[in-house]
Amino acid sequence: MRFMVIVKATPESEKEGALPDAQGLLEMGKFNEELIRAGIVLAMDGLHPSSKGARVKFSGNSRTVIDGPFTEAKELIAGFWLWQVKSLEEAIEWVKRCPNPHASDSEIEIRQVFEMEDFAPILSEEQIQHKVAKRAQLPNQTANQ
Amino acid sequence: MRFMVIVKSTPEAEKEGALPDPELMLEMGKYNEELSKAGVLLALDGLHPSSKGARVKFSGKNRTVIDGPFTEAKELIAGFSILQVNSLEEAIEWVKRAPNCNPAGDSEVEIRQVFEMEDFAPILSEEQIQHKVAKRAELPNQTANK
Amino acid sequence: MSATDPHHATQQATDQALHRTIEAVWRIESARVIAGLTRLTRDVGLAEDLAQEALLAALEQWPRSGVPDNPAAWLTATAKHRAIDLFRRNAVARRKHEELARELEALEQTSPDLDSTLDNTISDDLLRLVFIACHPILPADSRAALTLRLLGGLTTDEIARAFLTPEPTIAQRIVRAKRTLADKHIPFEIPRGPELAARLSSVLEVIYLIFNEGYSATTGDDLMRPALCEDALRLGRILAELTPTEPEVHGLVALMEIQASRTRARITSTGEPVLLFDQNRAQWDQLLIHRGLTAIERAHKINAVRGPYLLQAEIAACHARARTPSETDWPRIVILYTELAQITPSPVIELNRAVAVSMAQGPQAGLTLVDALASEPSLARYHLLPSVRADLLYKLGRRPEARSDFVRAAALTLNTRERDLLLARAASCETDPINS
């Protein structure tokens, strides 16, 4: 099973131009190496503060762009891993071994990733083919380049 | 530059055992194929509702585990992708072309820039950065900046 | 308290959650615990038994005391106490006093806290455990079962379900394997010098065997089976970190990553296999492909002659890089198969090479190579030989000959769907216009 392990942001990590604390970074680096040695890491990345980001709001067909920064640090992501483990409990055990990602109190969220097999109830081969064929018939369907 | 594109969740997506709408999935699939053909898509995944997840709170040496589900759907992530593009503006343009994840209503996508090891120059020595870069380059587990 | 009592239900749920947590802890820590115990007792069979006893103790005590902060240390300490008890009880029957005294002293003096040991020692012990579990003196399926048990943390039942074998058979296999290792006094060490290549090859063979067992799983199979691919990948990735300067290890990992990237596209919703060229490439997992390509790059940085796993990985990478079948770099695949055929010559590799040559240079060039395999005894009942030949003849407009080879191939295959496809192609030889 795959899990996305999400490090939530804090007001400190969200400060403009904020860089992680060097000591913390190196400690986390050691933990990452342990995870890698255990063969479970698929990907991992840290994110710049939201001042370097944006949000796009979708409403029907309209798109509205809002520049960062955004408030409510604990809603924001500071970084993530993608892990391959046997169970949620295994992911939790590894997270418990993680050094505190921030200097202050913080939170890590663990979420299971969808695999294609999970969509078996709704995506039969036939249904897909049927829908694709239907769409191809529509006069104002934009052609796939 | 790499950007993480984060699709925020909705109450519908958070429902226990919820699966995406098949029609939306197909539209998304086509869109993702475009991203792929343009060479900008590095990775993407959808997430199960938070009822299948957990949170771990860190306070000093303490770790507290809280089982999902969690409230406030719009705080939660439903999925993400990683794009390789030249600027935030380019990432925004690609995102605007995506189908609405909540076709009947509203949805939100957040775009965040990914740290590259070189960004840590102000706080790490050249040697420490090179170590990190080398470690990451060795590791077959990384969407790498090209 | 009745079974439907909400308290009871909650208690059950809590117990189940704790049980899963203990399983998770076992999965994370067991290999290291067993490796450390093997170093102390110099007997991998005994080490595993002791670790299992410690697990039983954990299952008994942790529901009351909670999961300890350092579970690995708890398990190791518990196992060592058992070991000391065991030695004391068997003292007169089994060992000389001096030997016993020395061993007890060694056990009692070693710190129970594995974390206080240098990382290197733990890594070395894990590597020693890998090599001993995969020792070539054991038959391949015993090596696989023992590896999954000692390094994968799987139970005997899980291994049995994964390999579609009765549990007692697997249990016996593991018992016999441990006995062989003890009887032959197989040392707990990392092979050196010229021995290393052969021993490493034995390890890679085991990991790939496990992967292929999982890869061959079909829909409706016990989920333990496709999970074998994940287990193999994890073992491969762990090994790559333990032996980062071995290019073939990265080669094997790359091969598995890229093959695994096709999992979603390889079978239809009804469980039928889909040929590589018919697969929906949008369903190929780009993250895994990227991982595979990076592993190949990592292997290249090590200056050495390319080995068979790396070459196979590079062939898989050629397909992975092609967004559509028409973009496949066939000339490169020809070069890779030629190199592979020189290192590990085999008729099947030669046949694959012939296919690549036909794609790169035209059907006639491929046909010449295929015809050279006509009298190859090991391919006499291999349906892909006449199937490939038929396809090349078809492309050359030699329809009647193509038809008879398609029919021959259909008769040789055991897979119903494949047979139907081949018979359909045979029929099309008569109906298709000559220029199609």
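This is a short viewer tour of a predicted model, with stops at a sheet, a chain contact, a pair of domains and a pair of helices.

**Stop 1: the sheet across chains A and B**

Start by selecting the strands of the open sheet, six of them, which run in the order E4(A)-E3(A)-E6(B)-E1(B)-E5(B)-E2(B). The pairing is antiparallel. Which strands lie at the edges? Colour E4 (62-67) of chain A and E2 (41-46) of chain B: each of these edge strands pairs on one side only. As you step across the sheet, the twist from one strand to the next averages 15°.

Now zoom in on the chain A end. Strand E3 (residues 54-59) of chain A joins E4(A) through six bridges, in the antiparallel sense. To find your place there, show Ser59(A), which has Ser62(A) of E4(A) opposite.

**Stop 2: where chain C touches chain B**

Next, bring chains B and C into view. Twelve residues of chain B and 13 residues of chain C make up this contact. On the chain C side, select helix H11 (247-260) and helix H13 (286-301), each of which supplies at least two residues. Which element gives the most to this side? That is H13(C), with eight residues. Colour the chain C side by class and you should find five nonpolar, four polar and four charged residues.

**Stop 3: the domains of chain C**

Stay with chain C and colour domain 1 (7-111), domain 2 (328-365) and domain 3 (381-436) separately. Then hide domain 1 for a look at the other two: the C-alpha centres of domain 2 and domain 3 of chain C are 21 Å apart. Their contact draws six residues from domain 2 of chain C and six residues from domain 3 of chain C.

On the domain 2 side, pick out helix H16 (347-361) and helix H17 (363-371) of chain C, which each provide at least two residues. H16(C) has the largest share of that side, four residues. By class, the domain 2 side holds four nonpolar residues, two polar and no charged.

**Stop 4: a helix pair in chain C**

Finish with helix H18 (residues 384-395) and helix H19 (residues 399-412) of chain C, whose axes are 8 Å apart and meet at an angle of about 160°. How are the two helices oriented relative to each other? An angle over 145 degrees counts as roughly antiparallel, and H18(C) and H19(C) are therefore roughly antiparallel to each other. The crossing of H18(C) past H19(C) is left-handed.

Show side chains for the contact, including Leu393(C) and Tyr394(C) of H18(C) and Phe406(C) and Leu412(C) of H19(C). The contact of H18(C) with H19(C) has eight nonpolar, one polar and five charged residues.

Conventions: Residues numbered from 1 in each chain as written. Chains lettered and ligands numbered in written order. Predicted model: local features only at pLDDT ≥ 70, side-chain atom pairs only at ≥ 80, totals over all residues. Contact = placed C-beta atoms within 7 Å. Nonpolar A, V, L, I, M, F, W, Y, C, P; charged D, E, K, R; others polar. Domains from an automatic or database assignment. Pairing = 2+ DSSP bridges. Axes fitted to C-alpha atoms, helices over the stretch in contact; angles between N-to-C directions. Parallel < 35°, antiparallel > 145°, perpendicular 65-115°, else oblique. Left-handed = near helix turned anticlockwise from the far one by under 90°.
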